[in-house]
Amino acid sequence: MSRHTFAGRAGTNVAIGWDRPLRTFFVQVSKPHPTKAGESKMLRWAGTDIDELKTAAEAIAIAKTYADLPDTLGATLETDRLKTVATPDGPAQIAARPFLKRS
């Protein structure tokens with residue numbers, strides 16, 4: 001899994017990356033929780049289902065509504081994905097398969 005974080009607009013934090021076991025890019029947008037110190041409130045989380053965000057461009061389209069992102073992010077995310085192409089599932093991923101919703 002890869003994860004890149006960026007400071008977003010309006011006090012948000014944006015995380016974007018590649019999740020190899022789910023074969024999806026993901027975007028998480030959070031903001032510090034207003035009443036619980038040290039905790040965050042999740043505002044948006046995309047890429048939680050298998051094959052949900054199939055391209056880096058799909059994830060970037062969501063993330064860029066919350067943060068200014070570098071022009072090189074698409075290439076970085078595709079490189080992250082390509083680095084995992086030959087990686088087999090480990091025991092935890094194999095055990096989780098029956099519980100995952102397949103597309």
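What share of the 103 residues in the chain do buried residues make up? In this predicted model, the buried residues account for 34% of the chain. The report below proceeds from the overall fold to the two helices with buried faces, the nonpolar core, and a set of individual residues.

## Overall architecture

The secondary structure consists of three helices and four strands. Along the sequence these elements follow the pattern β-β-β-β-α-α-α. Taken along the principal axes, the C-alpha atoms of the chain fill a box of roughly 40 × 35 × 20 Å. Among the contacts in the chain with a separation of 6 or more, 44% are between residues 24 or more positions apart.

The chain exposes about 6400 Å², and carbon and sulfur atoms supply 57% of this area. The chain carries 15 positive and 11 negative charges, and the mean positions of the two sets are 3 Å apart.

## Helices H1 and H2

Helix H1 spans residues 56–63, and its buried residues are Ala 56, Ala 59, Ile 60, Ile 62 and Ala 63. Viewed down the axis of H1, these buried residues fall within an arc of 160°, so they line one face of the helix. The cover over the buried residues of H1 includes strand S2 (13–19), strand S3 (24–32), strand S4 (40–46) and helix H2 (73–82).

In H2, the buried residues are Leu 73, Leu 77 and Asp 80. They cover an arc of only 55° around the axis, which puts them on the same side of H2. An α-helix has 3.6 residues a turn, so residues three or four places apart point the same way. The face of H2 turned away from the buried side carries the exposed residues Ala 75 and Leu 82. The buried residues of H2 are covered by elements that include strand S1 (4–7), S2, S3 and H1. H1 and H2 thus appear in each other's cover: H2 is among the elements over the buried residues of H1, and H1 is among those over the buried residues of H2.

## The nonpolar core

The largest nonpolar core contains 18 residues, of which Ile 16, Phe 25, Val 27, Leu 69, Leu 73 and Leu 77 touch the most other members. The elements that give two or more residues to this core are S2, S3, H1 and H2. H1 provides the largest share, five residues.

Phe 25 lies in strand S3. At 0% relative accessibility, Phe 25 counts as buried. Leaving aside neighbours up to four places away in sequence, Phe 25 touches Gly 17, Trp 18, Ala 46, Gly 47, Leu 53, Lys 54, Thr 55, Ala 56, Ala 59, Leu 77, Glu 78 and Arg 81. Two of the residues named here, Ala 56 and Ala 59, are also among the buried residues of H1, and Leu 77 is one of the buried residues of H2.

## Selected strand residues

Phe 25 may be set beside two residues of other strands. The table lists C-alpha separations for the three.

| Residue | Partner | Separation along the chain | C-alpha distance |
|---|---|---|---|
| Ala 7 | Val 29 | 22 residues | 9.9 Å |
| Phe 25 | Asp 80 | 55 residues | 10.0 Å |
| Ser 40 | Ser 30 | 10 residues | 6.0 Å |

Ala 7 belongs to strand S1. Its relative accessible area is 64%, and Ala 7 is therefore exposed. Outside the four places on either side in sequence, Ala 7 touches Thr 12 and Ala 67.

Ser 40 is placed in strand S4. With a relative accessibility of 48%, Ser 40 counts as partly exposed. Not counting residues up to four places away, Ser 40 touches Ser 30, Lys 31, Pro 32 and His 33. Ser 30 is thus both a contact of Ser 40 and the partner at a C-alpha separation of 6.0 Å.

## Loop residues with positive phi

Most residues other than glycine have a negative phi, and most peptide bonds are trans. Which values of phi are found for Arg 23 and Asp 51? For Arg 23, phi is near 55°, a positive value in a residue other than glycine. Asp 51, likewise not a glycine, has a positive phi of about 60°.

Both residues are located in loops. Arg 23 lies between S2 and S3, and Asp 51 between S4 and H1. Arg 23 is partly exposed, with a relative accessible area of 36%.

Methods
Residues numbered from 1 in each chain as written. Predicted model: local features only at pLDDT ≥ 70, side-chain atom pairs only at ≥ 80, totals over all residues. Heavy atoms only, no water. Buried < 20%, exposed > 50% of the residue type's maximum accessible area, 1.4 Å probe, protein only. Arc of directions from axis to C-beta. Contact = heavy atoms within 4.5 Å. Core = buried A, V, L, I, M, F, W, Y, C linked by side-chain atoms within 4.5 Å. Areas by Shrake-Rupley, 256 points an atom, 1.4 Å probe, with all protein chains shown as cover. Lys, Arg positive; Asp, Glu negative; His and termini not counted. Charge placed at Lys NZ, Arg CZ, Asp CG, Glu CD.
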